[in-house]
Amino acid sequence: MVVALTEDERLVLVEELRPAVDARVICLPAGLVGDEGPEDRESAARRELREETGYETRELELLGRGPGSAGMSSEIVNFYRARGMRLAGSQGNREKEEIRVHVVPLTELAAWARDREAEGIRIDPKVWAGLFLSKARP
């Protein structure tokens, strides 16, 4: 998962239909390591950020990692902070059809998230965990 903050303190989020919960879900840009061939965690984070949002980053910093749902899955979530973000182009072809990008000022994020929840959109709690980690590690 990538905590992607722009220079003007806006958080880049993605919204996608998630059949498992039968709803649209807003989350941090993320994906699977190795789903496009052999790669390390940081390369996967960079690739997913670019494909899902069109943004590239100069630097990624690992903030923390741990199980996303220890009682249900062996998945390990890696949180990265992106620094030196720039919009490099459009999303990947498949992602353009499936993922909506939101770039939300941090000062408005809580109210914005409440409004999305009122519309029936779910907010992945890892958004808040990623922000906490990014603030805890200056």
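**Exercise 1.** How many residues does helix H1 have, and how far does H1 reach from its first C-alpha to its last?

*Solution.* The model is predicted: local features need pLDDT of at least 70, side-chain atom pairs count only at pLDDT 80 or more, and totals for chains, interfaces and linings use all residues. Residues are numbered from 1 along each chain as its sequence is written, and side-chain values use heavy atoms, with hydrogens and water left out.

Step 1. Helices are DSSP runs of H or I with at least four residues, strands are runs of E with at least two, and both are numbered from the N terminus. H1 covers residues 41-53, which is 13 residues.

Step 2. The expected span is 1.5 Å times one less than the number of residues. H1 reaches 18 Å, close to the expected 18 Å.

Step 3. At the N-terminal end, aspartate 40 is the cap, with a side-chain oxygen 3.2 Å from the backbone nitrogen of glutamate 42. After H1 comes glycine 54, with a positive phi near 85°.

**Exercise 2.** Determine whether glutamate 15 is buried or exposed, and describe its surroundings.

*Solution.* Step 1. Buried means under 20% relative accessible area, exposed over 50%, and partly exposed in between (1.4 Å probe, protein chains only). Glutamate 15 counts as buried because its relative accessibility is 4%.

Step 2. Glutamate 15 is part of strand S2. Its bridge partner in S6 is arginine 100.

Step 3. A polar contact is a pair of N or O atoms within 3.5 Å; within protein, one must be able to donate a hydrogen and the other to accept it, and residues adjacent in sequence count only if both atoms are side-chain atoms. The side chain of glutamate 15 makes one with the side chain of histidine 102, at 2.6 Å.

**Exercise 3.** In what order do the strands of the open sheet of four strands lie?

*Solution.* Step 1. Two strands pair if DSSP finds at least two bridges between them. The order is S6-S2-S3-S7, with mixed pairing. S6 and strand S7 (122-123) are the edge strands, each pairing on one side only.

Step 2. S2 pairs with S6 in the antiparallel sense over seven bridges. S2 and S3 are likewise antiparallel, over five bridges, and leucine 17 stands opposite arginine 24 in S3.

Step 3. S3 and S7 run parallel and are joined by two bridges. The bridge partner of isoleucine 26 in S7 is isoleucine 123.

Step 4. Of the five residues of S3, four are buried.
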